[in-house]
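Thanks, everyone, for making the time. I would like to walk through one model this morning, beginning with its charged pairs and then turning to its pocket and its cysteines.

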Amino acid sequence: MEKLRFQLARKYGLLSCNITHVFSGHKEYEESLILTVTNNGGSICFTFFDLSTNEETKFDNPTTGEYIIPLKKGVKTKLIITANKANGAYKIVKKTVK
């Protein structure tokens with residue numbers, strides 16, 4: 001059984017920001033984050049840090065599409081979004097598989 005939960009979303013024009021958010025993996029079930037990006041110009045970067053190993057997954061000016069980031073069980077993942085004059089939208093959904 002799959003469950004999808006909305007986490008973050010934003011539509012923007014000329015966005016310049018530094019945003020931080022922390023996600024926690026479930027202790028029992030498999031979870032992943034689904035990042036959907038529409039990139040119409042400017043500069044935007046999504047950096048995911050696994051706080052247990054400091055492993056980094058980086059999407060620098062990603063093309064329009066969908067990206068899946070698996071979450072480790074019981075481990076926190078930190079997301080840093082940095083943007084400079086970016087145009088487009090993003091949405092993050094957490095998928096849980098029971």
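Let me start with K94, which forms a salt bridge with E31, the closest nitrogen and oxygen atoms being 3.9 Å apart. Please keep in mind throughout that what you see is a predicted model. The pair ties together distant parts of the chain, since K94 belongs to strand β6 and E31 to strand β2, which covers residues 30-39, and the two are 63 residues apart. Are these two charged residues buried or exposed? K94 counts as buried because its relative accessibility is 9%, under the 20% cut-off, and E31 is likewise buried, with a relative accessible area of 7%.

By the rule used here, the count comes to five salt bridges, and I will take two others in turn. In one of them the side chains of K95 and E2 meet, with 3.4 Å from N to O. This pair, too, links distant parts of the chain, with K95 in strand β6 (residues 76-97) and E2 in strand β1 (residues 2-24), 93 residues apart. As for their surroundings, K95 is partly exposed, with a relative accessible area of 23%, whereas E2 counts as exposed at 54% relative accessibility, because the cut-off for that class is over 50%.

The other one joins the side chains of D50 and K72, at 3.0 Å from N to O. Here D50 sits in strand β3 and K72 in the loop between β5 and β6, 22 residues apart, so that this is again a link between distant parts of the chain. D50 is buried, at a relative accessible area of 10%, while K72 counts as partly exposed at 41%. Salt bridges that share partners, I should add, join R5, E31 and K94 into one network, which brings us back to the pair I began with.

D50 and K72 also lead us to the pocket. Both of them are among the residues lining the largest pocket, together with F48, F49, E55, T57, I69, P70, L71 and T77. Which elements give two or more residues to this lining? They are β3 (43-50), β4 (55-60) and β5 (65-71). The space in this pocket comes to about 160 Å³, and its lining residues divide into five nonpolar, two polar and three charged.

Among the lining residues, T77 is one I would like to follow a little further. T77 is found in strand β6, and at 7% relative accessibility it counts as buried. If we leave aside its neighbours within four places in sequence, T77 is in contact with H21, V22, F23, F48, F49 and L71. Of these partners, F48, F49 and L71 also appear in the lining of the pocket.

That leaves the cysteines. How many disulfides does the structure hold? The count is zero. C17 is in no disulfide, and its nearest cysteine sulfur, that of C45, is 11 Å away, which lies outside the 2.5 Å within which a pair of sulfur atoms would be counted. C45, correspondingly, is in no disulfide, with the sulfur of C17 being the nearest one at 11 Å. Both residues fall in the buried class, C17 with 18% relative accessibility and C45 with 8%.

I will stop there, and I am glad to go back to any of these residues on the screen.

How values were computed. Residues numbered from 1 in each chain as written. Predicted model: local features only at pLDDT ≥ 70, side-chain atom pairs only at ≥ 80, totals over all residues. Heavy atoms only, no water. 1 Å grid on protein atoms, 1.4 Å probe; cavity = no way out; pocket = protein on both sides within 12 Å on 5 of 7 lines; lining within 4 Å. Points joined across faces, edges and corners; volume = space filled by probe spheres on them. Helix = DSSP H or I, 4+ residues; strand = E, 2+ residues; numbered from the N terminus. Nonpolar A, V, L, I, M, F, W, Y, C, P; charged D, E, K, R; others polar. Buried < 20%, exposed > 50% of the residue type's maximum accessible area, 1.4 Å probe, protein only. Salt bridge = Lys/Arg side-chain N within 4 Å of Asp/Glu carboxyl O. Contact = heavy atoms within 4.5 Å.
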